[in-house]
Amino acid sequence: MGGRLKLVRYIDENHSVTLGRVKPGEWVAPWALFETQHRCSAIATKPTQVQVYPKFSLLPTLRTHGALAIAVMEQLAVQLHTLSFQHGLRDVRAAHDRLRYYLVNLSPPEITGSTVIELEYPFKDIAADLGLTPETLSRALSRLESMGNITRSRNVITLYSSFPTAAG
């Protein structure tokens, strides 16, 4: 099954903040199970089907079915890690360095030769996640490309072994 959702919170009628993205098989905002009122909207960015579980019946089920409870905790942990990583990227001043750490996070632990990364989201969404404008992201991509660290073709980026990692 395909599909993709973007979770947003509206600040006012003209502004919103992206809280995350949901791919097939993932829970949509599992933290909402533990809130009395949830202020998040899910927007389908591709044709999407969702399975809805009523909160009043799901919470008792989680209490009695450990495997399901662990699946929800895994989703929460992944989402927390992603948000924490994205928040930490905001402290990296140079746009090309911020982009570099983002790409390293998407790649296997060690880059040997070259690593191909197919980006799952449009560049404008990646720019927003990184706290950059699309134009600044484009310049950062061009800079990494001119440095010989990457090549790109549409939504595919190839990282080369000369690409500095977080340790390098």
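**Salt bridges, helix packing and a nonpolar surface patch**

In the predicted model, the side chains of Glu120 and Lys23 meet in a salt bridge, with an N to O distance of 3.4 Å. Glu120 lies in the loop between strand 4 (114–118) and helix 4, whereas Lys23 lies in the loop between strand 2 and strand 3, so the pair ties together parts that are 97 residues apart in sequence. Glu120 is partly exposed, with a relative accessible area of 38%, and Lys23 likewise counts as partly exposed, at 29% relative accessibility.

A salt bridge is also formed by the side chains of Asp125 and Arg21, at 3.6 Å from N to O. Because Asp125 belongs to helix 4 (residues 123–130) and Arg21 to strand 2 (residues 15–22), this pair links parts that are 104 residues apart in sequence. Asp125 is buried, its relative accessible area being 9%, and Arg21, at 15% relative accessibility, counts as buried as well. A further salt bridge joins Arg152 to Glu145, whose closest N and O atoms are 3.0 Å apart; Arg152 counts as partly exposed at 29% relative accessibility, as does Glu145 at 30%. Salt bridges that share partners connect Arg21, Lys124, Asp125 and Asp129 into one network, and the count of salt bridges comes to six.

Helix 1 (55–64) has buried residues on one side and exposed residues on the other. The buried residues of helix 1 are Leu58, Leu59 and Leu62. These three leucines cover an arc of only 100° around the axis, which means that they lie on the same side of helix 1. In an α-helix, which has 3.6 residues a turn, residues three or four places apart point the same way. On the other side of helix 1, Phe56, Arg63 and Thr64 are exposed. The cover over the buried residues of helix 1 includes helix 2 (66–89).

A nonpolar patch of about 260 Å² is present on the surface, made by Val28, Val50 and Val52. Of these residues, Val52 is located in the loop between strand 3 (41–46) and helix 1, where Val52 is exposed, with a relative accessible area of 63%.

Notes
Residues numbered from 1 in each chain as written. Predicted model: local features only at pLDDT ≥ 70, side-chain atom pairs only at ≥ 80, totals over all residues. Heavy atoms only, no water. Patch = residues over 30% accessible without salt bridge, like charges linked within 9 Å, V, L, I, M, F, W, Y side chains within 5 Å. Areas by Shrake-Rupley, 256 points an atom, 1.4 Å probe, with all protein chains shown as cover. Salt bridge = Lys/Arg side-chain N within 4 Å of Asp/Glu carboxyl O. Helix = DSSP H or I, 4+ residues; strand = E, 2+ residues; numbered from the N terminus. Buried < 20%, exposed > 50% of the residue type's maximum accessible area, 1.4 Å probe, protein only. Arc of directions from axis to C-beta. Contact = heavy atoms within 4.5 Å.
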